[in-house]
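Welcome to a short set of exercises on how two chains meet. Have the structure viewer open and try each task before reading its solution.

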Number of protein chains: 2
Amino acid sequence: MEARQPTLADRTLTQLQHAIIGGELRPGSKINEQEIATRFGVSRGPLREALQRLEQRRLIERIPHVGARVATLTEARLNDLYQVRAELESMACRLAAGRIKPEQLAQLHQLLDRQEAVFSSQPVTEFQDDIDFHYGIIQASGNQTLIATLTGDLYHQLQMYRYQCSSGRRPLEALAQHRAILAAIADGDGEMAALLMRRHIEAGARHTRQVLRQKMEESSG
Amino acid sequence: MEARQPTLADRTLTQLQHAIIGGELRPGSKINEQEIATRFGVSRGPLREALQRLEQRRLIERIPHVGARVATLTEARLNDLYQVRAELESMACRLAAGRIKPEQLAQLHQLLDRQEAVFSSQPVTEFQDDIDFHYGIIQASGNQTLIATLTGDLYHQLQMYRYQCSSGRRPLEALAQHRAILAAIADGDGEMAALLMRRHIEAGARHTRQVLRQKMEESSG
DNA sequence: TCACCTGAGATTGTAGACAATCGCCCGAAC
DNA sequence: GTTCGGGCGATTGTCTACAATCTCAGGTGA
């Protein structure tokens, strides 16, 4: 009922988004509708629908009668994004501490355990698991507006920055921080959880910012 | 350059949004693409584009192969919306206090003066002026992600609630609160401005919630 | 009586063609 | 030499028609 059976436009959106987040379509490059449509084997209708959603997610920028371009990675945008994210995710922690359900809590504990178990063997998994953890807490907040804002809008941009600026995200450190956050939530200490989450995200922002700077230096030099 | 010259889809979006926010298309009612397209004198292409944006703004809900419905007003959704709004707008105040430009500050003062001058003669103006005030502060925050989240997403929903649940919003009280908020920002006291804004929005939430309850009672009774 | 299946009608999703607009190149005038 | 204007090619916006899917009424069987 609720689950939307994927349409052609949905699949095209997923493909395009992966291509953008993964850097296959480089930031700033122009998107030719006919070309992309042909490449994906769809007509321009579904493709334009996908483009529109990507514009909403701020992964591309469109100008009427001119066209679409892949969004560029900027330090200023990164700062703005992480600043809002820190505010909203710490808010999510505060809410989650008061109303998280036992099964949600158990699932998050399980996630961290699994993350720890495979931590050294598969560094790739860590990336998705990290997102899953944050996603779980956001869901536990129970605030539908908050959930939609974070997972429906901000997270797509975030993934682009994280994917293109990732390199050894110190999973051990992040894991410890996740554990502390979850413990605070389990204790019902919303303020502590919120503060820990804010620090955790700020640390991530510093790291990503550093990598972005390096990347921009070597691309301009 | 930046200004997007309005296309047919843009105009259709504006019309449809006004019809939804104004209650002409009642909450929960189904939207027949062909019917609406014919009524607005456009084809289904641009209309579908408008529908998609309205879905992003959460003014309608769509299910593939089934159709679109106008979003319903719920007390739970109202609470969630105002909770996130309070968090983000108080954040905007904190930022604005540190980096608002003189001309922005002057413009906001001007706005409040004008609001006070015509306050008793035209109660209708107050509604738009109130939005303009909040809009100005959000802009002054300088955080593009914050601006986009608030004015691009949340505010459309907010307008729907406010328009359909407005009745004597005590403009005098709101005006005084606006003045206090602006004074704090002018003083560079971000924390004070943030707190005042939070209280101001919470007061608005209580008022709107009350009106919504009345409305739902008389519609179900 | 109720649950389930089935088919007609309606509605949405997709494709392809046409119209409108823009960017760019080139030539002319100062 | 530089700047302005016009026209051509390319790209985007829009329309119409067709295909895929859902809804709902009606009937059938337990």
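**Exercise 1. The extent of the interface**

How many residues of chain B are in contact with chain A, and how many of chain A with chain B?

Before you start, note that this is a predicted model: local features need pLDDT of at least 70, side-chain atom pairs count only at pLDDT 80 or more, and totals for chains, interfaces and linings use all residues. Residues are numbered from 1 along each chain as its sequence is written, chains are lettered from A and ligands numbered from 1 in the order in which they are written, and side-chain values use heavy atoms, with hydrogens and water left out.

*Solution.*
Step 1: take contact as heavy atoms within 4.5 Å. By this rule, 33 residues of chain B touch 34 residues of chain A.
Step 2: turn to area. The two chains bury about 3,000 Å² between them, with carbon and sulfur atoms giving 47%; buried area is the accessible area (1.4 Å probe) that two parts lose on being put together, summed over both.

**Exercise 2. Charges and polar pairs**

Find the salt bridges across the interface, and then see which elements of chain B take part in it.

*Solution.*
Step 1: look for a side-chain nitrogen of Lys or Arg within 4 Å of a carboxyl oxygen of Asp or Glu. The rule finds five salt bridges between chain B and chain A. In one of the pairings, Asp153(A) meets Arg58(B), and the closest N and O atoms are 4.0 Å apart.
Step 2: assign the elements, which are DSSP runs numbered from the N terminus (helices H or I, at least four residues; strands E, at least two). Helix 3 (44-56), strand 2 (60-63), helix 4 (75-99) and helix 7 (144-164) of chain B each supply at least two residues of the side that touches chain A. Helix 4 of chain B gives the most, with 10 residues.

**Exercise 3. Symmetry**

What rotation superposes chain B on chain A?

*Solution.*
Step 1: superpose by least squares on the C-alpha atoms of residues with pLDDT of at least 70 in both copies. A rotation of 180° with 0.1 Å of shift along its axis does it, at RMSD 0.1 Å.
Step 2: read the result as the relation of a two-fold axis.
Step 3: compare the surfaces. Both copies use the same surface, as 100% of the contact residues of chain B recur in chain A.

**Exercise 4. One residue in a helix**

Is Gln115(A) buried or exposed?

*Solution.*
Step 1: locate Gln115(A) in helix 5 (residues 102-117) of chain A.
Step 2: Gln115(A) counts as buried because its relative accessibility is 4% (buried is under 20%, exposed over 50%, partly exposed in between; 1.4 Å probe, protein chains only).
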